[in-house]
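Dear colleague,

I am passing on the structure below, together with some notes on what was found in it. Please look through it with the notes beside you.

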Amino acid sequence: MPKCSKESVPSLQLRRANNADIAAMLELEHQSLTAAHWSRQQYEGMFATGDSGSPSRLILVAEGIDELRTEVVPDAQHRIRAFLVAHRVDKEWELENIVVAEESRRQGVGTRLLFEFIEQALTGGAAAIFLEVRQSNQPARAFYRRAGFVEIGLRKGYYVSPPEDAILYRLGLS
């Protein structure tokens, strides 16, 4: 599995998401055509039940200093650059959504987020991580292959809007 150092994106901080992050997560999600699209109510439901911090659900955000600010301020403004949602069932995880802001792509942000998730899954004794991705989403498919995921199947007509097949991937951890 490739290594990703925490220093690769020095202005980036990873943390568990909270209810206050929903608006930023929705904004990022709507900017990405290939992301899974969920409603505000679905996200609120995850946080209302405390599910985002439960052992069966993990929601992480990557927060970075806003380089677009031109003035120097003592408390630099941070903003959400990416987020990840995963769900655990027994010793297996499903990566449900990972979204990176367009201007933050190809800078190691998604890699940092994915490897933080993998590290936490390993710490929790996970045996494998599964995910599905749109068949046409070649950048995401290459990203997952570089991280060590292996293609294991196809789900015909899995995606609805627009209709498309899903490619299934697995990363063995044990």
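The notes below take up confidence and then one helix.

This is a predicted model, in which local features need pLDDT of at least 70 and side-chain atom pairs count only at pLDDT 80 or more, while totals for chains, interfaces and linings use all residues. Residues are numbered from 1 along each chain as its sequence is written, and side-chain values use heavy atoms, with hydrogens and water left out.

The mean pLDDT (the predictor's confidence in each residue, from 0 to 100) is 83 for the protein, with 82% of its residues at 70 or more. Among its elements (DSSP runs numbered from the N terminus: helices, H or I, of at least four residues, and strands, E, of at least two), strand S7 (residues 164-172) has the highest mean pLDDT, 97, and helix H2 (residues 40-48) the lowest, 81. Over residues 1-7 pLDDT stays under 50, and the model has 14 contacts (heavy atoms within 4.5 Å) for them beyond four places in sequence; over residues 68-77 it likewise stays under 50, with five such contacts. Where pLDDT is low, the predicted coordinates should not be read in detail.

In helix H4 (residues 138-146), the buried residues (under 20% relative accessible area, 1.4 Å probe, protein chains only) are Ala140, Arg141, Phe143 and Tyr144. Seen down the axis of H4, these fall within an arc of 160° (taken from the directions from the helix axis to the C-beta atoms), so they line one face of the helix. They pack against strands S4 (92-100), S5 (128-134), S6 (150-159) and S7, and against helix H3 (109-123), whereas the face turned away from the buried side carries Pro139 and Arg146, which are exposed (over 50%). At the start of H4, a side-chain oxygen of Asn137 comes to within 3.2 Å of the backbone nitrogen of Ala140, and just after H4, Gly148 takes a positive phi of about 105°.

With best wishes

Definitions and conventions:
A polar contact is a pair of N or O atoms within 3.5 Å; within protein, one must be able to donate a hydrogen and the other to accept it, and residues adjacent in sequence count only if both atoms are side-chain atoms.
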